[in-house]
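Trainee: Could you take me through one part of this model in detail, and then point out whatever else in it deserves a careful look?

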Amino acid sequence: MLRNYLKIAFRNLRKQVGFTAINVFGLALGLACCLLILLYVADELSYDRYNLKADRTYRINADIRFGGNDMKMAVTPDPLGPTLKQDYPQVEQFVRLHQRGTWLVKRAGSTNNLREDDITFADSTLFDVFTLPLVSGDPKRALTQPNSVVISESAARRHFGHKNPMGQMLVFDNKQSYRVTGVMHDMPTNAHFRANFFLAMLNDDYEWGRWLSNNHHTYIVLKPGVDAETFAKNLEAVVEKYVGPQAFAALGTTMDDFRKAGNWSRFNMIPLTDIHLHSKQTVELAPNGDIQYVYVFSAVALFILLIACINFMNLSTARSAGRAKEVGVRKVLGSERGQLMGQFMAESVLTTVLAMGLALLIVIVSLPLFNNVAAKELSLQRLVSPNWLALIVLLPVGVGLLAGSYPAFFLSSFPPISVLKGVVTSQKANRALGGVGLRSGLVVFQFMMSVVLIVGALVVYRQITFIQTKNLGFRREQVLAINDVYALGKRAETFKQEVLRLPGVVSGSISGFLPTPSGRNDASFFPEGEIDQAKAVNMQNWGVDHDYVKTLGMQIVQGRDFSRRFGSDSSAIILNETAARLFGGKNIVGKRISTFTDSQLKTFKAYTVIGIVKNFHYESLRRNVGALGLLLTDNTGGASFRLSSTNLPALVSQIEAKWKQVAPGQPFSYEFLEESFDKMYRAEQRVGTIALTFAMLAVLIACLGLFGLAAYMAEQRTKEIGVRKVLGATVVGIVALLSKDFLKLVLIAILIASPLAWYVMNQWLQDFAYKIDIEWWVFALAGFVVVGIALLTVSFQSVKAALMNPVRSLRAE
């Protein structure tokens, strides 16, 4: 019986090639989009779950309000981890990570350095907390000795080729030698941080025991059965017992007085598996994802699948209504109702199975492109897991049964004599199946979702454009930022002067601090002689040189810039407008402020405020501009050069040649400031691109269904069209008659979708301190696009029907 069902189903599908092609392709496109998005969502949700103790592992965060700043940080004081392990038996283990960014690394005896990212100091307990299998070495002993390092397999290949790296020496930043004591597999891509080198924490050049300094990422593993919420209440006691005394010694205030002044110092815990999607702290080990995007893309996948399924159901029910006479004949010849229902469902399921096959092919072909856009490394291997195989099998069967059961139940219930006598016509069958009302509602829903997706994509695009064109308070165009200038040592200034002699180089500055992702350093400043927490200002303090402000195109709004004519500028500071406001306004120029200069918070240095620089954005536009001060110090982390040339590649090559003259064997690494700034918004750019792509695909899928419905409706009204033409109706009039009903549905969809889209995107924009307004023309443009595409889709069938010879249409009837 099943074989017979399938045989007849194939015959019917082949008989209606156009209908079958639209149905299969539309559904396949929807299923393919859904699978791609689900692969993305599954990858986002999988972060850090490979760790065997993931369900018991937590990171400690710091939440501090002091000096006019709210600081929510992923880093904590260095003693916190050992203290929790020592004082609380609920803690099974801890590990601290201290990320040191990018260093120059070379094999001992080599003269050529490689620039390596992701270098991190770690406690010897690293492998007790995180599941990082070693290819070579003992995880229990790998980081227990000073000057030991565990490297990844890819790092081992870069530095040692096919030789065994165990026991070999690596030199970091031309100074410190480390022995390779372990080689680990490369960290999974779904980890919330990456590291190619783990250095023994014993070598971290850091003053230990500072409860008022937050620099280490601290993770703890709780023993089985310990309730995390209950344990987290102990963190308040840790603040009182350990942070309080050091705060009193430095500020002369108790924690109670500290809180009464509106300040606070707290620790909180976040589950390891929540960090990637739920953590929005500063000083993260790596950029995180956002759970909002997971929700958004999950909704997009659902909407696109619903749009495709609605198409399928609409077309299936519409076509099934024309088979009333076939049902009557089959019943007269002895077919039972169950057999007829089985036939309808077999055709429906067969169509969805064919669509799933085509969808898988689309996924295979498009996955590399999707990975490139989404910055992912998604693999088809996930599709062969039991859960995914079940989804691939059950999804088309479920959709097929759902779409096929509706017409099957109704059509199989018609009395055969009534059908054969013409009492039940295709129009009556169509009404019995819900007719215009049901399909109209489904069409409205399709285009409503399409409009929401288009508006969302337009808003994301406009916000990114706003960010890229906003006046940031500095000029980022044609500024070349060179990394690792510290490798030049005392030759850094020589290199700067050599580059400044090149035609096309306007100015240059040596500093590792830039208003893009780069070095950061914060400290608390006080009016001179007043160590009063109520008057403290916590702010960034950047070491720069005399040419920094000029090179980056910043604006001094009061006072003056650093000058070589004033030797006293070594004790001078330039504040931004935010810091000046916190210190009392523009009258701060000429006054002195001081800060601690030692780890024990006992020694001060005073600085004279010589100028106020206009606020410039040095963090994401999601945040307001924080307090910042510029100090005249030697900081050779990097160099910046403002260029003025029509041939930038040639000029960069000349600068590289100067570098190699001054620093042979040191890698030349650079980036234009504009590119570095844009990196901060790569996630939003990717979201915008993905959203726009899927929005247009959703419209395409919806229009495929509209095309099929328009063709069906034109076919149903063939006789009416012929009569109207005989009576003098024009082609334009007939096209308008056939199109207006569909366009009404699209306009209703736009009216419903607009307030929904405004609400959703307004919520998304709340994450930005600086954002666009959602203007009316965004909705108008989205509506115009949808109406235009829908009109073209429907008009094609309408014109075709209107141009038909009325004699032929009436004769056919």
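Mentor: What follows starts with one sheet and the helices beside it, and then turns to two loops, a short helix and a pocket. Please keep in mind throughout that this is a predicted model.

The sheet is an open one, built from four strands that follow one another in the order β13-β21-β12-β22, with antiparallel pairing. Its edges are formed by β13, residues 505-510, and β22, residues 670-672, each of which has a pairing partner on one side only. From one strand to the next the twist averages 20°. If you look at the end of the sheet where β12, residues 479-483, meets β22, you will find three bridges joining these two strands in the antiparallel sense, and there I482 stands opposite Y670 of β22.

Two helices lie across this sheet. Helix α17, residues 492-500, lies across β12, β13 and β21, the last of these being residues 638-643, and α17 runs at about 170° to β13. Helix α20, residues 648-662, lies across β12, β13, β21 and β22, and its direction makes an angle of about 30° with β12.

Away from the sheet, two loop residues merit attention for their backbone. Most residues other than glycine have a negative phi. D48, in the loop between α2 (17-45) and β1 (57-66), has a positive phi, near 70°, and it counts as buried because its relative accessibility is 1%, under the 20% cut-off. D173, in the loop that connects β7 (169-172) with β8 (176-184), also has a positive phi, in this case near 55°; with a relative accessibility of 13%, D173 is therefore buried by that cut-off as well.

Burial also tells you how helix α3, residues 80-87, is placed, for its buried residues are L80, G81, T83 and L84. These four cover an arc of only 165° around the axis, so they sit on the same side of α3.

Finally, the second largest pocket has a volume of about 480 Å³. It is lined by 19 residues, of which V296, A299, V452, V760 and M761 are the closest to its centre. Two or more lining residues come from each of α10 (291-321), α16 (435-469), α22 (682-716) and α24 (731-765), and α10 provides the largest share of the lining, with seven residues.

Key:
Residues are numbered from 1 along each chain as its sequence is written. This is a predicted model: local features need pLDDT of at least 70, side-chain atom pairs count only at pLDDT 80 or more; totals for chains, interfaces and linings use all residues. Side-chain values use heavy atoms; hydrogens and water are left out. Two strands pair if DSSP finds at least two bridges between them. Axes are lines fitted to C-alpha atoms, for helices over the stretch in contact, and angles run from 0 to 180 degrees between N-to-C directions. Contact means heavy atoms within 4.5 Å. Buried means under 20% relative accessible area, exposed over 50%, partly exposed in between (1.4 Å probe, protein chains only). The arc is that of the directions from the helix axis to the C-beta atoms. On a 1 Å grid over the protein atoms alone, a cavity is a set of points where a 1.4 Å probe fits but cannot get out, and a pocket is an open set with protein on both sides within 12 Å along at least five of seven lines; lining residues have an atom within 4 Å of a point. Grid points are joined across faces, edges and corners, and a volume is the space filled by probe spheres set on the points.
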